[in-house]
Amino acid sequence: MSDERTPFEDKTQSVLRDSAEHLDGHTRSRLTQARHAALAEIERHRSQRVRWLLPAGAAAAAVLAVFLLQGRIAVAPVTTEPVAAVEDIELMTAEDSLEMYENLEFYAWLDQAASEDFPAEPTETESGVG
Amino acid sequence: MSANAASLDRLSATLLAHMSGLTAESVEENSLEHVRSLDQFLASVEKRAFQIARIAVRDTDDALDIVQDAMLQLARRYGQRPCEEWRPLFYRILQNRIRDCQRRRMVRNKVFGWLPGIRNAAGENEDTDPFQQVQDDRQGPTDRVMTGEAMNLLEAALRELPARQLEAFMLRNMEGLDVAATAQAMGCTEGSVKTHYSRAVHTLRDRLTDAWGELS
């Protein structure tokens, strides 16, 4: 079906639109009243919405302010964490510590040899004193 | 640390001021603009909508009630929707109201049709005020007679059409909606709109070509 309009369609459109444009006064007046009633309805909805929006906006602003204030208080402990982390890194990367871990077996043998050369003093209960 | 706190204070103060301004002024401004747009839209369609309803239900008072109801429904339910959506939505509501009216009338005629004083099947008022039927004088007398006669013939032919063909023809031809918007207003597919419209045009052409030829 072609979308082109035929002269017949143009004529019917012209007749129909002419008839709509030349309505009697009473009908035009009733249509205007109907339009104003519809606009009054939307105006009423609008005023109701604004009446709700003002307290809702104030409440939202208050909640936001509370969140912002809480965020400011929470900032203080958070800032100390990087300092602690830096200290940890210094301890872990110290050269002497690493050397100690590399010679761990030597330190274990040294400890054993020392305990064999110098046995621990017997406790009072073992020596039968008391 | 103190710089951060100061900036947060400034941010919260700005947001509070902005939100207060939003609720009081910009919302008000947008709403008023929307109401003005709706007023312009309704003024632009009200006369044609009335003619569509009047031809469909064949009664001036019922047609005025239908148009008023469609306007109220559009404002109430879809007033906040974007302006470009109003036209198909308005005609969808209008067509639904027309169908409701036709159904109510059919039931009323079936139930109370045997009682005297009830409106006839065509739905015309028996007590029409003749002063309300006075036409606008902005056209010349000869033109008015020609247009009036052509309209009478067209209206008679339109009333012979099936309801869906009449809907498609009035929306496509008189209101100038495209196929997609007509389909949305009628609640059917674009293919159905094309079919209904094509059949309506063929029927009207068959009935009116000779009659209008005699007028001109």
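Colleague: How much area does chain B expose?
Modeller: This is a predicted model, where local features need pLDDT of at least 70, side-chain atom pairs count only at pLDDT 80 or more, and totals for chains, interfaces and linings use all residues; side-chain values use heavy atoms, leaving out hydrogens and water. Residues are numbered from 1 along each chain as its sequence is written, while chains are lettered from A and ligands numbered from 1 in the order written. Carbon and sulfur atoms supply 52% of what chain B exposes. By the Shrake-Rupley method with a 1.4 Å probe, counting only the protein chains shown as cover for residues, the total for chain B is about 11,600 Å².

Colleague: How many helices does chain B have?
Modeller: Helices (DSSP H or I runs of at least four residues) and strands (E, at least two) are numbered from the N terminus. Chain B has zero strands, and its helix count is seven.

Colleague: What share of chain B counts as buried?
Modeller: Buried means under 20% relative accessible area, exposed over 50%, and partly exposed in between, with a 1.4 Å probe and protein chains only. Of the 216 residues in chain B, the buried share is 41%.

Colleague: Which helix gives the most to the largest nonpolar core?
Modeller: Picture buried Ala, Val, Leu, Ile, Met, Phe, Trp, Tyr and Cys residues joined through side-chain atoms within 4.5 Å. This core has 64 residues, and Phe90(B), Tyr91(B) and Leu158(B) touch the most other members. With twelve residues, the top giver is helix H1 (residues 2–57) of chain B.

Colleague: Which chain A residue does Leu158(B) touch?
Modeller: Contact means heavy atoms within 4.5 Å. Skipping residues up to four places away in sequence, the partners of Leu158(B) include Ile55(B), Leu166(B), Phe169(B), Met170(B) and Leu204(B). From chain A there's Leu16(A).

Colleague: Are the rings of Phe41(B) and Trp86(B) stacked or tilted?
Modeller: Rings of Phe, Tyr and Trp (its six-membered ring) pair if their centres lie within 6.5 Å; planes under 30 degrees apart are stacked, over 60 edge-to-face, the rest tilted. The whole structure has four aromatic pairs over all chains. Here the centres are 5.8 Å apart and the planes sit at 50 degrees, so the pair is tilted.

Colleague: How far apart in sequence are the parts tied together by Phe41(B) and Trp86(B)?
Modeller: Both residues are buried. Phe41(B) lies in helix H1 of chain B and Trp86(B) in helix H3, so the pair ties together parts separated by 45 residues.

Colleague: And which helix holds Tyr197(B)?
Modeller: Tyr197(B) forms a stacked pair with Phe169(B), 5.9 Å centre to centre with 20 degrees between planes. Phe169(B) lies in helix H5 (residues 163–174) of chain B, while Tyr197(B) lies in helix H7 (residues 190–215).
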